[in-house]
Amino acid sequence: IAHMRVGQQLSGKRIIVTAAGTREPIDPVRYIGNRSSGKMGYALARAAAMRGAQVTLISGPSSLPNPPGIIVKRVETTAEMREAVLAEFDTVDVVIKAAAVADYRPALIAGQKIKKDDDNLTINLVKNPDILYELGQRKKHQLLIGFAAETNELLAYAREKLTKKNLDMVVANDVTLPGAGFNIDTNIVKIIHKDGQVDELPELTKAQVAEIILDKIYTLLTKST
Ligand code: CTP
Ligand code: CA
């Protein structure tokens, strides 16, 4: 019903959605990862395509199938996700960064499997580039939508991300709430706008949250043209 109501309102718009978590290899058999399933990002990609947008989904490893009618680029590391996003950034209208990006990676990737020789093992991590921050520095006409996954001080941290990364909107979720967060079909989010307005949504399916986020994006696109 929703997609009939909104018809082809995003036709002619190019949208990048990033989804799922990036992984950073430690050695040939192990990696550092996170709990993101990709469900929120895949729902957004699918819903945007239903509204007529030309969608590229740039996804970390996820067990979800490729949504129909969408170009899907599968990546593994943060560096690969960054390359894939930057390759298209100049030609798109909107970037929605739902991916859970690994903030750090091992400074060295062992060429061989690390053996359990020692009682303690220390892996030295170095900071990854912040993809969304870079997009915020580089953006011209593009709308940038970030996510903020928090366990505390949700609004304060989310607002800080909006400002620091030069975003147009932040979707904040408290990942400790039952009914929100990783690998479930529902989410409870607050949408924070540049003018300070906050929309507090109830527990909804990720598909419903995706529709509401796209409604807001449509409003912003209409304002900016
Ligand atoms: N993000 C990104 N590149 C990174 C880290 C995060 O593009 N290296 C993006 C995420 O996709 C998300 C937003 O930035 O849209 C916020 O991610 P989050 O992990 O909540 O915030 P961080 O800025 O990484 O800060 P912290 O993890 O310390 O809360
Ligand atoms: Ca982070």
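Which residue in β9 is the bridge partner of V95? It is L144, and that pair is a good way into this predicted model. The mean pLDDT (the predictor's confidence in each residue, from 0 to 100) is 95 for the protein, with 97% of its residues at 70 or more. For the complex, the predictor gives an ipTM of 0.99 and a pTM of 0.95.

Residues are numbered from 1 along each chain as its sequence is written, while chains are lettered from A and ligands numbered from 1 in the order in which they are written. Local features need pLDDT of at least 70 and side-chain atom pairs count only at pLDDT 80 or more, whereas totals for chains, interfaces and linings use all residues; side-chain values use heavy atoms, with hydrogens and water left out.

**The sheet**

- Eight strands make up an open sheet of mixed pairing, in the order β5-β4-β1-β6-β9-β10-β12-β13. Strands here are DSSP runs of E with at least two residues, helices are runs of H or I with at least four, and both are numbered from the N terminus. Two strands pair if DSSP finds at least two bridges between them.
- At the edges are β5 (71–74) and β13 (198–200), each pairing on one side only.
- Neighbouring strands of the sheet are turned against each other by 15° on average, direction ignored. The axes behind this angle are lines fitted to C-alpha atoms, for helices over the stretch in contact, and angles run from 0 to 180 degrees between N-to-C directions.
- β1 and β4 run parallel and are joined by six bridges; I16 has T56 in β4 as its bridge partner.
- β6 and β9 also run parallel, joined by four bridges.
- Six bridges link β9 to β10 in the parallel sense, and E150 has D174 in β10 as its bridge partner.
- β9 is mostly covered, with seven of its eight residues buried. Buried means under 20% relative accessible area, exposed over 50% and partly exposed in between (1.4 Å probe, protein chains only).

**The nonpolar cores**

- The largest nonpolar core has 35 residues, of which L44, I96, I213 and I217 touch the most other members. Such a core is a set of buried Ala, Val, Leu, Ile, Met, Phe, Trp, Tyr and Cys residues joined through side-chain atoms within 4.5 Å.
- Two or more residues of this core come from each of β1 (14–19), α2 (39–50), β4 (54–59), β6, β9 (143–150), β10 (169–174), β12 (189–193) and α6 (206–223).
- A second, separate core has 23 residues, including I58, M81, V92 and L154.
- Beyond its neighbours within four places in sequence, L44 is in contact (heavy atoms within 4.5 Å) with V17, I96, A98, F147, A210, I213 and L214.

**Calcium site**

- The calcium ion (ligand 2) has two protein donor entries, D103 (OD) and D103 (OD), lying 2.4 to 2.7 Å from it. Donors are N, O and S atoms within 2.8 Å of the metal (3.2 Å for Na, K and Ca), and water is not among the atoms, so sites may look incomplete.
- D103 sits in the loop between β6 (94–97) and β7 (104–106).

**Buried residues to look at**

- N173 belongs to strand β10 and is buried, at 8% relative accessible area. Not counting residues up to four places away in sequence, N173 touches A148, A149, E150, L154, G181, N187, I188 and V189.
- L10, in the loop between α1 (2–6) and β1, is buried at 0% relative accessibility. Among its contacts outside four places in sequence are I15, A48, L214 and Y218.
- The C-alpha atoms of L10 and V92 are 12 Å apart, with their positions 82 residues apart along the chain.

**Around helix α5**

- E153 lies in the loop between β9 and α5 (154–164), and is exposed at 52% relative accessible area. Its phi is near 50°, a positive value in a residue other than glycine.
- N166 is in the loop between α5 and β10, with phi near 60°, again positive in a residue other than glycine. N166 is partly exposed, at 35% relative accessibility.
- Most residues other than glycine have a negative phi.
- Y157 is within helix α5 and partly exposed, with a relative accessible area of 35%. Setting aside residues up to four places away in sequence, Y157 touches E150 and N152.
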